[in-house]
Amino acid sequence: MWMERGAGGSLPRLSLLYLGLLVIPAATLIVLGLRLLEQDKAISAQRAVERREAAADRAARALELLLADLDRQLLSGSTPEGSVRLAVTGSGMEARPAHLAPWLPEPPRLPEADTRAFQEAETLEFRNAGEKALPIYERLSRSASAGVRAGALLRLARVHRRAGRVDAALEAYRQLSRTDTIAFERMPADLLARRALCDLLQESGGGAELSREANSLHDDLLAGRWRLDRVSWTLAAEQAGRWTGRPVEPGEENRLISEAAEWLWQEWKRQGLAGPANRGSRAFARGDTGVTLLWHASGDRVSAVVILPGLFHRWANNAAAAVNDVGGRLVLGTDADLFLFGQPPGTGPGIVKRNPTDTGLPWVLWVSPQPGGRNVVESGIRPELLMLGLSSIVLFLTAGIFLLWWTVRRELAVARLQADFVSAVSHEFRTPLTAMRHVTELLDEDDQIPRERRKAFYAALGRNTDRLQRLVESLLDFSRMERGKRPYDLKKLDARELTNRVVEEFRGEAEPRGFAIEVESASDSLPIMADDDALGHALWNLLDNAVKYSGDSRIVRDIVKRRLESIVISVRDEGFGIPAQERKEIFRKFVRGEQARRLGIQGTGIGLAMASHIVAAHRGKIELEGAEGRGSVFSIVLPQGA
Ligand code: ADP
């Protein structure tokens, strides 16, 4: 029976069971999965750090080997390409190639100009008898000794300059500027002469020659033409800068070479550079460039080499290969956080640092994670797979909850329909029963009722009994149909005859209520294969509905006709019609229209469901036309019988 599906109290329990069986384990799984993922990440990060540690050690070893090789070259006395060699002896310091260091702490000395040859002439000169000293200086300026010649030219220029003979003084300086083997108190004679030349040219009005001389002095100072100490170089550079209007700035790299040399000299003077195995190294950096000093001290000699950025970068790139392979980034710098290779490593976890004390290298070495670099996953669980698993659980869970919600909604709707149905059936029964009881009471109370009235009472009793019987049979029939137990006895019939019979019978019901049922039928026979009783029942239901839902209209039309290969039996009313959104639903069992319920029109909601069942068993269908407020047409469409 259709009553067997009860919503009952099992729904909340079902939901709880569902929650217990699915949601809780799924949530636990998700939490565990996320934990696992976190743990996996931590292990992954730990492994990455371990890989970077190993890479840092490999890079340090590679640099150590390169440094050892350079060390061997240094000991063998050669100057490796890309480096500057520094030699320190008791008397001073030398660089090779010399021009790369703008100044040195104790540069090699040139022979000093002779002074003894000028004692007599200088005495004259200082007694304001410069003119008398002049011939002596001129003679000495042609001396075979370079030292005497240089001294004479300097003094000659001095006398001419004092006497205001600018051209002669300039000429003497020019001649002196061609002497590059002699020094005056450690100042190379040519540098002294060129500075004096510029000075005099400026004094006497400058001009093109001053600019030419000053620019050439500027360039030569930068090109490292002279072996000077820092003070002499700075003095000459300041002068040249004033004359040219451009500061004389050595390149960072050159400045660093000179600074490394100065440091080496001072250390050696201070403590003799005694280190482990008398060797050592140190990095110097400024801005984004740096040099590395490597030295060997033995007895009173120190030999050292300054590794220039070019060579250093080649080494660093070589060592960086081992680091790049593990998705890391190599950085080399000094203790003072100055960087010789790579951008600053930054701070944060996962950065591996090796100090010079750990590695024996002159640099601090960092390996930091490469931003956006290759992330090698080595753990057993692939995060993507785990995420996929978790997403599937969430998906299943969502689908399950949706299914549950849908089922509950449906069950509630069915429960409501069933409740409506029970109340509707009770109403259907009550009306004829009440009428019958009333008539029976009347008959019982009065024995003198005239024969005519008595007859009418009996007829009313008969009608109501018929109605009850039809109702009970309808319900039983529907139950049988639902279970597929309703047998159909299909026979060849004429649709016109069937329609006429049913309409005739129905008129007995409808006409007393003021309804006119009109029939239009085709003139020739309309053969169908049908179960007379069942199809009559379906048509009755349509006629019954047409009357029930007619509103103020009192006309119902029944049309039987042929349409192509089909036979169509239509019931047309001019009642209140059916809203579009209800058209499909009303064919489902227990479903009643909104208006039917609102207006309190009696019904059980199974009439159309039954009609559909019956017509479907005849391999036909029911069509519905019309619009809300303008009546409806229900048509039973059947295949034409053979
Ligand atoms: P019942 O008539 O007992 O309610 P039915 O299954 O016969 O059940 O009909 C279902 C619903 O379809 C009715 O409640 C009504 O809203 C609507 N309906 C059926 N026939 C008509 C019609 N001729 N005109 C307007 N509404 C109709």
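In the predicted model, Trp363 is buried, with a relative accessible area of 0%. Its ring forms an aromatic pair with that of Phe312. The centres of the two rings lie 5.2 Å apart and the planes stand at 50 degrees, a tilted arrangement. Phe312 is likewise buried, at a relative accessible area of 1%. The pair links distant parts of the chain, since Phe312 belongs to helix 10 (residues 309–324), whereas Trp363 sits in the loop between helix 11 (356–359) and strand 11 (364–369). In sequence, Phe312 and Trp363 are 51 residues apart.

A second aromatic pair is made by Phe339 and Trp366. Their ring centres are separated by 5.3 Å and their planes by 55 degrees, so this pair is also tilted, because an angle that is neither under 30 degrees (stacked) nor over 60 (edge-to-face) counts as tilted. Phe339 lies in strand 9 (residues 339–341) and Trp366 in strand 11, with their positions 27 residues apart in the numbering, and this pair too links distant parts of the chain. Both of these residues are buried. In total, 12 aromatic pairs are counted in the model. Elsewhere, Trp263, Phe284 and Trp295 form one aromatic cluster.

Trp366 is also one of the residues in contact with Thr334. Thr334 is located in the loop between strand 8 (328–333) and strand 9. Although it is placed in a loop, Thr334 is buried, with a relative accessible area of 7%, which is under the 20% limit for a buried residue. When neighbours within four places in sequence are left aside, the contacts of Thr334 are Ala283, Ala285, Leu340, Val364 and Trp366.

A further part of the model is an open sheet of 5 strands. The strand order is 13-15-16-18-17, and the pairing is mixed. Strand 13 (516–521) and strand 17 (621–626) form the edges, each pairing on one side only. On average, neighbouring strands of the sheet are turned by 15 degrees against each other, with direction ignored.

Within this sheet, strand 15 (555–563) and strand 16 run antiparallel and are joined by 8 bridges. One of the residues involved is Arg562, whose bridge partner in strand 16 is Ile567. The hairpin of strands 15 and 16 has 2 residues between the strands, and in it Leu564 takes a positive phi near 50 degrees. Strand 16 (residues 566–573) also pairs with strand 18 (residues 632–639), again in the antiparallel sense, over 7 bridges. Here Arg572 has Val633 of strand 18 as its bridge partner. Strand 16 is mostly covered, as 6 of its 8 residues are buried.

Helix 14 (residues 495–510) lies across strands 13, 15 and 16 of the sheet, and runs at about 175 degrees to strand 13.

Helix 15 (residues 532–548) has 17 residues and should span 24 Å at 1.5 Å a residue. The C-alpha atoms at its ends are 24 Å apart, which agrees with the expected value. The expected span follows because the 1.5 Å is multiplied by one less than the number of residues. At the start of helix 15, a side-chain oxygen of Asp531 reaches to within 3.1 Å of the backbone nitrogen of Asp533. Helix 15 is mostly covered, with 13 of its 17 residues buried.

How values were computed. Residues numbered from 1 in each chain as written. Predicted model: local features only at pLDDT ≥ 70, side-chain atom pairs only at ≥ 80, totals over all residues. Heavy atoms only, no water. Pairing = 2+ DSSP bridges. Helix = DSSP H or I, 4+ residues; strand = E, 2+ residues; numbered from the N terminus. Axes fitted to C-alpha atoms, helices over the stretch in contact; angles between N-to-C directions. Contact = heavy atoms within 4.5 Å. Buried < 20%, exposed > 50% of the residue type's maximum accessible area, 1.4 Å probe, protein only. Polar contact = N/O pair within 3.5 Å; in protein donor to acceptor, adjacent residues only side chain to side chain. Phe/Tyr/Trp six-rings, centres within 6.5 Å; stacked < 30°, edge-to-face > 60°.
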